[in-house]
Amino acid sequence: MEIKNYYRAKTLEDAYLKLNEHSSNIIAGGGAWLKMSTSDHETMVDLSGLSLNQIDERKDSIEIGSLVTLRDFETNPSIKALGKGYISEAAGSVMGVGFRNVASIGGSIIGKFPFSDLITPLLTLNIKLKFYPEGEMTLEEYIKSKGRLSSILTHIIIEKENGKGYFKKVGNTVLDFSILNIAIYHGIHGYRIALGSRPGVGTLAHEAMDYLNQLKTVSDSDINQAVELVLNHIRFGGNEAAEESYRRELAKVYVARGLKEVTV
Ligand SMILES: Cc1cc2nc3c(=O)[nH]c(=O)nc-3n(C[C@H](O)[C@H](O)[C@H](O)COP(=O)(O)OP(=O)(O)OC[C@H]3O[C@@H](n4cnc5c(N)ncnc54)[C@H](O)[C@@H]3O)c2cc1C
């Protein structure tokens, strides 16, 4: 990768104008992914002077700056409290501490990485992404959006909720990319189930969620029915890491296990 110019933005507007001056200009998050890129860029826009590295807990929400590192995110007490720790656990499953001190939460979301161990669990919470200048959209809307991003992710806003979460990453080794990751949350808004690295990017299992959320109590046979709905409606595939049939077997086991764990 070759970058011709480095630019440290003074304001968000300044960063936005610089980003859109040339079609190959890019924003720098932690730079861990960009460092591996082979494409060339006219200008790299650095947001580090814009105070986007803070986590603020409000009465009903947690506001996370896009430059917060994965390690600061993982170890923050407000994040640790979410769903009894499953979000922290997921963040802590990415590479080693040294790496997580560099990679940012913003870069982890913007990349829409199919293997992401962050996107999958975050999809199970009520999350808004705040962009400059456009405003807010849900994480699910962003994942489904198409085209080059010409705006800047400034914050991730998580609605606080009392509930229990479950996260499972299946990989060949601890430091490897996921073969499949699964996250489930059970809170006042009901159940939310997400699967990622299918090998496609994280997605919500709406049919299974809708089924569980119209029930007053959830029995073992309801859990089996929800698992069937996941297998029938979520698209799994094969790649060099695993065959489709293996991913389906993993989903069958871990969605059932996760649902049992969060059902109280
Ligand atoms: C070797 C390696 C192994 C990894 N393993 C895993 C893993 O097992 N599990 C996992 O979940 N992830 C893994 N990742 C991904 C990693 O966790 C980060 O998601 C990734 O490095 C991106 O974060 P970053 O801060 O480095 O982003 P950068 O590399 O800085 O940026 C990534 C992209 O996002 C854009 N961007 C960054 N910030 C913003 C912003 N605020 N607004 C708009 N655009 C922005 C950049 O322009 C770029 O296009 C791995 C990455 C690497 C390099």
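This is a short walk through a predicted model, from a small sheet to a pair of helices.

Let us begin with the sheet. Three elements, β1, β3 and β2, line up in that order to make an open sheet of 3 strands, and their pairing is parallel. As background, strands of a sheet pair through backbone hydrogen bonds, in either a parallel or an antiparallel manner. The edge positions here belong to β1 (3–8) and β2 (26–28); each has a single partner strand, so one side of each is left without a neighbour in the sheet. If you look at how neighbouring strands of this sheet are turned against each other, the average is 30°, direction ignored.

Now zoom in on one pairing. Strand β3 (residues 41–46) joins β2 in the parallel sense over 3 bridges. Within this part of the model, Ala28 stands opposite Asp46 of β3. Then bring helix α1 (residues 12–19) into view: α1 lies across β1, β2 and β3, and runs at about 170° to β3.

A brief stop at Phe99 comes next. This residue sits in helix α5 (residues 97–100). Is Phe99 buried, exposed or partly exposed? Phe99 has 15 other C-beta atoms within 10 Å. A buried residue would need 20 or more, and an exposed one 12 or fewer, so Phe99 counts as partly exposed. Phe99 and Ala32 are 67 residues apart in sequence, yet their C-alpha atoms are 7.9 Å apart in space.

Further along the chain you will find helix α9 (residues 206–213), where Ala208, Met209 and Leu212 are buried. Why do these residues lie on the same side of α9? They cover an arc of only 100° around the axis, and that puts them on the same side of α9. The general rule behind such patterns is that an α-helix has 3.6 residues a turn, so residues three or four places apart point the same way. Among the elements covering the buried residues of α9 are β11 (190–196), β12 (203–204) and α10.

That last element leads to our final stop. Helix α10 (residues 220–233) meets helix α11 (residues 244–262), with axes that come within 9 Å and cross at roughly 145°. The crossing of α10 and α11 is right-handed. On the α10 side, Ile223, Ala226, Val227, Val230 and Leu231 make the contact, while α11 brings Arg248, Ala251, Lys252, Val255, Ala256, Leu259 and Lys260. Sorted by character, the residues of this contact between α10 and α11 comprise 9 nonpolar, no polar and 3 charged.

Conventions. Residues numbered from 1 in each chain as written. Predicted model: local features only at pLDDT ≥ 70, side-chain atom pairs only at ≥ 80, totals over all residues. Axes fitted to C-alpha atoms, helices over the stretch in contact; angles between N-to-C directions. Helix = DSSP H or I, 4+ residues; strand = E, 2+ residues; numbered from the N terminus. Left-handed = near helix turned anticlockwise from the far one by under 90°. Contact = placed C-beta atoms within 7 Å. Nonpolar A, V, L, I, M, F, W, Y, C, P; charged D, E, K, R; others polar. Arc of directions from axis to C-beta. Pairing = 2+ DSSP bridges.
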